[in-house]
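Visitor: I'm new to this structure and would like a close look at one part of it. Could you take me through a stretch of paired strands, and then show me what lies around it?

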Amino acid sequence: MSLTSLPLVEISGEPRERGRQYGEQARERVHRALAYYAEAFGHSSGLTWEEVTRRAARWVEPSRAFAPELVEEMEGVAEGAGIGFLDVVALNARGEIIYDTTFSSMEPDGCTSFALLEEASGDGHVYAGQNWDWRSGVADTVMVLRVVQPGKPTVITHVEAGQVGRQGANSAGIALNANGLGGRFDETVGVPQTLIRRRVLDSSNLNEALEALTKSRAHIASNALITHRQGFTIDLETTPGAIGWMYPTDGLLVHGNHYQAFVPPQLAATYRPGSADSLFRVPRAESGLRAVRQASGTDEARKRIRQAMSDHLGRPESLCTHPDETQPAVRRWATLLSSCVDLTTGDYLIAAGTPCDHDYERVPHNLYDGPHGDLTLSLS
């Protein structure tokens with residue numbers, strides 16, 4: 001199975017075998033990802049890719065201590081794609097590598113995430129999604145990964161090829177949307193975000209998902225918006241130190257790339273948002289998504305969500321982000337993908353690119369087709 005515009009890679013079995021299947025099926029895209037980051041890191045730091053992977057080695061042991069099964073999966077990806085294990089580590093820790101002082105000129109991810117509960121959706125459904133903004137040069141590495149794994153929920157996640165997790169949802173009715181936050185903390189080596197996010201998506205229940213965030217020691221700050229199909233959502237601003245959180249207002253919750261719940265004490269005296277456009281993307285998304293409440297049915301609700309996420313105030317650095325042609329090609333940003341997951345019906349919708357000119361397309365699997373899937377509960 002596949003989507004019209006993005007590859008869908010399906011993997012199953014034990015960790016190393018899943019990874020091998022992943023690497024074999026996504027080999028071409030994984031190699032594209034390596035080529036892009038070799039160029040991007042070289043442009044921002046002057047380091048060769050070999051020097052980058054040597055630095056990435058410091059995330060191996062924290063990753064193994066946190067999620068040994070995901071390190072096995074990464075080893076399998078390397079085998080299947082015919083690349084080195086540290087190449088895969090570097091792809092999974094690219095956000096953490098960026099925060100090394102050597103890479104101070106390479107910005108972290110953008111993104112605008114949202115959750116709409118029953119009272120805010122017009123059709124009584126629970127929705128979660130986001131515009132995923134990052135370097136436009138990785139657009140041809142983006143893919144959808146479906147993971148069927150023993151003893152855990154089935155996961156659907158959209159990633160850059162080679163990564164074990166990023167944003168997505170699972171058959172237990174839990175969705176994760178994530179945003180970079182910025183700010184440098186201490187030099188302690190923590191767990192890469194791709195592994196923490198996958199651990200959230202591997203969770204069978206809400207408490208387990210939240211503990212993956214609150215009990216892990218992340219290397220960098222990152223925002224996590226968790227939504228459950230039974231009408232609950234919470235946003236956690238996670239850092240290597242303290243964690244802040246916020247709840248929805250009238251069933252709507254939106255988060256961008258600046259601290260909205262609190263400012264960590266390590267940053268408070270000098271904090272400035274790393275993404276100035278986040279300061280207007282968030283209220284614009286809130287304003288547009290409030291209109292979903294007036295939708296007369298599911299088709300109209302989804303249409304209004306897409307319309308809200310297509311906002312162009314501040315273009316090119318808008319909610320729906322377009323490449324800035326004045327920047328070097330390797331540094332240009334875009335909305336790589338817009339997602340909208342209906343946690344009530346199990347429909348996982350993706351616009352592969354800017355939502356203003358790409359329709360939402362349904363992933364050819366219902367979210368609840370898998371272990372822990374309970375469509376009856378999701379529709380109650």
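Guide: Let's start with D235, whose bridge partner in β10 is M246. Keep in mind as we go that this is a predicted model. That pair is part of a longer match, as β9 and β10 are joined by 4 bridges and run antiparallel. The two strands make a hairpin, with 4 residues between them.

Now turn to the other neighbour of β9. Strand β8 (residues 222-228) is joined to β9 by 7 bridges, and this pairing is antiparallel too. One pair to look for is I226, which has I234 as its bridge partner in β9. β8 and β9 also form a hairpin, this one with 3 residues between the strands, and there G231 takes a positive phi near 90°. If pairing is a new idea, here is the background: strands of a sheet pair through backbone hydrogen bonds, either parallel or antiparallel.

So what about the strand they share, is β9 mostly covered or open? β9 spans residues 232-238, and 6 of its 7 residues are buried, leaving the strand mostly covered.

Follow the chain on past β10 and you come to D250, in the loop between β10 (243-246) and β11 (252-255). Phi of D250 is near 55°, which is a positive value in a residue other than glycine. D250 counts as exposed because its relative accessibility is 57%, and the cut-off for exposed is over 50%.

After that loop comes β11, which belongs to another set of strands. Six strands make up an open sheet with antiparallel pairing, in the order β11-β2-β3-β12-β13-β14. β11 and β14 (361-362) stand at the edges with a single partner strand each, so each has one side without a neighbour in the sheet. Further in, β2 (residues 112-116) and β3 (residues 127-135) run antiparallel and are joined by 5 bridges. There you can find S113 standing opposite Q130 in β3.

A helix lies over this sheet. α11 lies across β2, β3, β12, β13 (347-351) and β14, and runs at about 30° to β3. In the loop between α11 (298-308) and β12 (333-342) you'll find P316. The peptide bond that joins R315 and P316 is cis, with omega at about 15°.

While we're on helices, have a look at α8 (residues 193-201). 8 of its 9 residues are buried, so this helix is largely enclosed by the rest of the structure. The buried ones are Q193, T194, L195, I196, R197, R198, V200 and L201.

T194 also turns up on the contact list of Q163, a residue in a loop. That loop is the one between β5 (155-160) and β6 (167-170). Q163 counts as buried, because its relative accessibility is 1%. Leaving aside residues up to four places away in sequence, Q163 touches Y22, L91, N92, R94, L145 and T194.

Y22 takes us to a pair of packed helices. Two packed helices are described by the angle between their axes and the distance between the axes. For α1 (residues 15-25) and α5 (residues 68-81), the angle is about 35° and the axes are 6 Å apart. Their crossing is right-handed. On the α1 side, the contact is made by P15, R16, R18, G19, R20, Y22, G23 and E24, and on the α5 side by E69, E72, E73, E75, G76, V77, E79, G80 and A81. Sorted by class, this contact has 9 charged, 4 polar and 4 nonpolar residues.

One more stop is A65, in helix α4 (residues 60-66). At 69% relative accessibility, A65 counts as exposed. A65 and V191 are 126 residues apart in sequence, and their C-alpha atoms are 9.0 Å apart in space.

Finally, step back to the whole protein. Its secondary structure comes to 12 helices and 14 strands. With a radius of gyration of 19 Å, close to the 21 Å that the globule rule gives for 380 residues, it is as compact as a globular protein of that length. Along the principal axes, the C-alpha atoms fill a box of roughly 55 × 45 × 35 Å. Buried residues make up 59% of the 380 residues. Among contacts between residues at least 6 apart in sequence, 66% join residues at least 24 apart.

Notes: Residues numbered from 1 in each chain as written. Predicted model: local features only at pLDDT ≥ 70, side-chain atom pairs only at ≥ 80, totals over all residues. Heavy atoms only, no water. Buried < 20%, exposed > 50% of the residue type's maximum accessible area, 1.4 Å probe, protein only. Pairing = 2+ DSSP bridges. Contact = heavy atoms within 4.5 Å. Axes fitted to C-alpha atoms, helices over the stretch in contact; angles between N-to-C directions. Left-handed = near helix turned anticlockwise from the far one by under 90°. Nonpolar A, V, L, I, M, F, W, Y, C, P; charged D, E, K, R; others polar. Rg over C-alpha atoms; globule rule 2.2 N^0.38 Å.
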